[in-house]
Amino acid sequence: MKLHEHFKTFLDDHVNLNSTRLGLLEDSIVAIENAVRALAWGPKIISFAPQGSWAHETIIKPQLGQPFDADLLVFVEAKEGWAPKDYVNELATKLGQLSKYEGKIRRYSHCATIEYAGERKIDVAPCVVNRLYAGQYEVCNRNADQFEASAPSAYTEWVKGKNGVAGGNDLKKVTRLLKYMRDIKGNFTCPSFLLTTLMGLQVYESDRDSAQFADLTTTLKTLVGRLDDWLQARPNVPVVPNPKLPQEDQASGWDQTQYGNFRDKVNLYRGWIDDAYAEADRDESIGKWQRVFGDNFAASEAKRAAEQVSEAAITGALVLGNHFQDLVEKVKALGAAAVPAKLRQLPHVRRPTWRKAPEQHAIRVVAELRTGQYGNTVRTIQSAEALQPSYWVRFNASGAHGMPFSADYKVQWRVTNTDRVASRAGALRGEFYPSDTGTSRSERLEYRGVHFVEAFLIRKRDNRLVGQSDPFYVVIE
């Protein structure tokens, strides 16, 4: 399901750099340009230009506690007698002598960086123009003391041109979404400039007015699918030339391990995106999109669906002329058959992230009531049996006939709470948890509602999902 309204809200609230920060960035840039012009720095200044994510409109909101950064190029004429390192070193020295930037200047290989108390960073990079011939652009590597060919303006125009082909300027939005996913998952490496190029390469001139770019969600599916195809055709680290500077290999910083991991993750996420896009059930689709982008996607609707379990389940149901108070009363009166089939499709329930093995094993879950986490056993309990709070339940997973699993496997537990009481306590859960010991896990009975616990069998050697139990419904009065 496309869920256009949720993608728009998600971008606005969690992905895009907000207007306040953009305003701070723009004010800082104006101040820096004025300061650099007044420095008597050395080389003659021609102009300034944004660079990187800021210029390409793919800059995103940083993760909590992290600064956002932007790149500013200062185009200058060559200064006689200066080595490449002089352009960066002299710029950093002179900026650091200004009271407004005292203690904020850091020197890196190609730039002087101004750091604003962990909130934002601005890289100011000298770019020498026409040093040897007209139309030549070179950035300055102070570490190697070398001039390096560059094509910043041409590359920015290439990115903007590709974006203009991709439907409603959706290439930049998809790139932001993928950068956000990279940052929240933290399990693959791909520099922003390389990711921007890889995504741009998946857009062709023939795509103008194509149905494959009809809207943002379709564009996301199309581009990630094409990127996956491109990567799967290249098992080894490819050369990715800068489209406007072919001698520059933008993938040169990748080693085979990093590339192989990126290739594998794109393939995995491509499957998740296709699955969420094709899903016809709204709740299930939201849950699957959350597997891709995290809990912030459609968070309000996911919470609302979990809170309204009883309202949805008891509408129109009567016993002796009276409505059930909630789903707990309905299940107590009618038994396990009254548990809604859609309970497992609630959006806040985390979808499995393991790749599924072709062979699947049956898993049986049995449970016993205990006086405490390590207390005495009271009795064995059944799924959907009504229970009093404050007790503990010990769940154990085994094979279909009660046979234990070998040490080659581990059991993860998905523990899901539902309804208003758990929601008000901030305890809807739905995440995966390891076993406490062996293939068992204990949980405390706390919140009125119909909840459920499931066991997932994982093969250790390849981290593949080889089995999933039916839900064990926990009804708390």
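In which sense do strand S5 (residues 120-129) and S6 pair, and over how many bridges? Keep that in mind as you open the model, which is a predicted one.

**Stop one: S5 and S6.** Select residues 120-129 for strand S5, then add S6, residues 137-141. The two strands pair in the antiparallel sense, over 3 bridges. To see one pairing up close, pick Val-129 and look for its bridge partner in S6, Tyr-137.

**Stop two: the surroundings of S6.** Now show everything around residues 137-141. Of the 5 residues in S6, 4 are buried, so the strand is largely enclosed by the rest of the structure.

**Stop three: on to S7.** Next, select strand S7, residues 146-149. S6 and S7 run antiparallel and are joined by 4 bridges. One place to zoom in is Asn-141, whose bridge partner in S7 is Gln-146. The hairpin of these two strands has 4 residues between them, and Asp-145 there takes a positive phi near 55 degrees.

**Stop four: the largest cavity.** The structure holds 3 cavities of 30 Å³ or more, and the largest has a volume of about 90 Å³. To find the largest cavity, select its lining: Leu-178, Met-181, Phe-188, Leu-195, Val-224, Leu-227, Phe-262, Val-266 and Tyr-269. Then colour helices H6 (170-185), H8 (216-232) and H9 (256-278), the elements that each give two or more residues to this lining. Which helix gives the most? That is H9, with 3 residues. Finally, colour the lining by residue type: the count is 9 nonpolar, no polar and no charged.

Notes
Residues numbered from 1 in each chain as written. Predicted model: local features only at pLDDT ≥ 70, side-chain atom pairs only at ≥ 80, totals over all residues. Heavy atoms only, no water. 1 Å grid on protein atoms, 1.4 Å probe; cavity = no way out; pocket = protein on both sides within 12 Å on 5 of 7 lines; lining within 4 Å. Points joined across faces, edges and corners; volume = space filled by probe spheres on them. Nonpolar A, V, L, I, M, F, W, Y, C, P; charged D, E, K, R; others polar. Buried < 20%, exposed > 50% of the residue type's maximum accessible area, 1.4 Å probe, protein only. Pairing = 2+ DSSP bridges.
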